[in-house]
Amino acid sequence: MARTEEAGRLVPPAWLTAGLRPAPVPVPRAAVLRAGVAMAAPLAAGLAADRPAYGALVSMGALSGVIGDTADAYRMRVFNIAVPQLFGVLGVTLGTLAFGHGWVAVAVLTGVALVSGMISSIGAVASVSGLLLLLNAVVGAGLPLPDPWWTAPVLLSLGGLVVLVLTLLGWPVRRGAPERDAVAATYRAVADLYEAAGTSAYDGRRQAVTDSLNHAYDLVLARRARQHGRASPLVGLLARLNVLVPLVEAAPAAHFGARRSGPLPAAVPAAVRELADAVQEGRTGAPVPDLPVPERPSEKAVDHALRHAANVVHEREPDPGDRLGRPAALRVRVRRNARAVLLSGASWRYGLRLALCVGLAQALVSLVPVPRSYWVALTVTFVMKPDFGSVFSRAVLRAAGTVLGLVLAALVLSGVPRGWWDVPVLLVLAALIPAFSAKGYAFQTAAVTPVILLLSDVLNHQGSALVLPRLYDSLIGCGITLVAGYLLWPESWHTRVGARLADAVSDTADYVDMAFSDTERSDPHARLRARRTLYRDLSTVRSEFQRALTEPPPTGTRAAAWWPLVVAVERIVDATTAARVRAGHGAPAPDRAEVAAVAGELRELAEGLRSSDTLVEVRTELPGDENGVLEPLRQEVRAARAIAGPDLR
């Protein structure tokens, strides 16, 4: 027994090992093949031309393109690869000009880090752009690159162009396929949601629908922002996506009805899956959904939404209706983002944290004679990306991934002769990057490390002597990040789940008011937009929750205590939607006083979340018609108010 207890104490905590478990996701085979070819072919061309250093730089540029190629839609992939490459070219240019200038290099990299950190708060493309801006600046300032100064920027750009060309090879035959696949996948997620109605699996399926809707709208609306007119196939695709909204809205009512009266008929999810197949295959024609005769208001809502969806899906040129709007013009978004970056306190704080860490790293290697010590600042660059996850956990995972990558690099550098053998080795190692990146950050680090070391060895010919110094540099970089980028900033020790959840609860109160107000009758699409925004906010809360769980105690423990309330708020939104749907299909509408009482309880809960980290249990009566449409909503609000936490005493 004593040995068992001792072994249990030696097991590392879950918050520390969570990132070391590979994510159960499929391997992106096309990306694997593309990465191998895009990085090995330039090196082979450089060896054939007796310019291996040039080939290595083109492969490094291709590495940046592989890291940035994370989108599905082709137009977004062009944007995701091309824009970060431009920032990468700027970064390597600044780094090359500062190479060998001591404290000038420190100042340049510190300034670049400030800009990189600030623009990373804009969005995913800006975040990758900021990463490549700083990453290439560090490489340019730390490695002796070929003369003249413009050679490296041109070669790195060529590498990004190789990835872009390989990416676009499938565009002629799959031009609209990613968007169509995303919409069809959303239909299938809705079918799974209806299949789970009335069961404990419903909450998880609802989250899957939210994620799928967010992804589909991101793809379709991003492409639509670049197209005009009503003849485009994209218009029909947007209409088929918009018509899903009433189906999603009817799902909570079906769920509450199924809990009282049993599961939905199997014909309902089957009909939704048939619509998914029709969207996927582009089929039109006369729809004949085989559905049972509805009796209760919730069943009527599902029947009405499903038949309407069938009509739109099978229509040749459906009208999208613009329920959820379209993106603002590019100039408007640029001005909005620039203003947000310059005026945001969070943007400045992150930029200053990153600048401090990079400045310390570069100052350290300027004072201490460490050969090829650019790896210290490189480690800081990869770890200090809180928009990618927890700084603390990324430092730990970076160290673990680097050790694994260095073991592999040592085998390659010591066992494989330099020259043409580098090409097949790089082909295999580069292919591992997209395969391992999907599994988690530690696995991505383990894949990227030997690739960078192999290409660096082509440039500086240090062989296996690179391995141990890179390990020391990585540990130094992780240490700098943990102290200067984490421990010195108290905000890093606190979870933001409570604050974001308070905003979501307050918005939920407004949504409850809107669902039964005159605004609903004058502008019915306003509630749909509010509901979509609210679910996006709750999705952000979930993401913040997952990030906080990887922080060490007490932050991770405190975040875990918020989870029951996160689920409770999502159920309140569902109950509100179900009540509105039932009232719209024959059930008596609730009294305004009942609605105001529920909204008031939610606003009181939001204020409690903002004013204290410790919730107290509140028993609330919330009287009303026990047979009315608001009764399930009142039950969910009572359950939310009864939750006490997080209390870590």
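Cysteine 357 counts as buried because its relative accessibility is 0%; buried means under 20% relative accessible area, exposed over 50%, partly exposed in between (1.4 Å probe, protein chains only).

This is a predicted model: local features need pLDDT of at least 70, side-chain atom pairs count only at pLDDT 80 or more, and totals for chains, interfaces and linings use all residues. Residues are numbered from 1 along each chain as its sequence is written, and side-chain values use heavy atoms, with hydrogens and water left out.

**Exercise 1. Judge the confidence of the model.**

Step 1. Take pLDDT, the predictor's confidence in each residue, from 0 to 100. The chain averages 78, and 82% of the residues score at least 70.

Step 2. Find weak stretches. Residues 225-231 have a pLDDT below 50, yet the model gives this stretch 13 contacts beyond near neighbours in sequence. Contact means heavy atoms within 4.5 Å. Residues 645-649 are also below 50, with 14 such contacts.

Step 3. Read with care. Where pLDDT is low, the predicted coordinates should not be read in detail.

**Exercise 2. Place valine 138 in its surroundings.**

Step 1. Locate the residue. Valine 138 sits in helix α7, residues 124-142. Helices (H or I, at least four residues) and strands (E, at least two) are DSSP runs, numbered from the N terminus.

Step 2. Check the helix. α7 has 19 residues and spans 27 Å from first C-alpha to last, close to the expected 27 Å. The expected span is 1.5 Å times one less than the number of residues. Of its 19 residues, 18 are buried.

Step 3. Check the residue. Valine 138 is buried because its relative accessible area is 1%.

Step 4. List the partners. Beyond four places in sequence, valine 138 contacts Leu109, Tyr374, Ala377, Leu378 and Thr381. Threonine 381 is 243 residues away in sequence, but 8.7 Å away C-alpha to C-alpha.

**Exercise 3. Describe the largest nonpolar core.**

Step 1. Define the set. A nonpolar core joins buried Ala, Val, Leu, Ile, Met, Phe, Trp, Tyr and Cys residues through side-chain atoms within 4.5 Å.

Step 2. Find the hubs. The largest core has 92 residues; Tyr187, Tyr194, Leu501 and Leu565 touch the most other members. Helix α25, residues 555-584, gives the most to this core, with 13 residues.

Step 3. Look for a second core. Another lies apart, with 85 residues, including Leu134, Cys357, Tyr441 and Val458.

**Exercise 4. Count the disulfides.**

Step 1. Apply the rule: a pair of cysteine sulfur atoms within 2.5 Å.

Step 2. Count. The result is zero disulfides.
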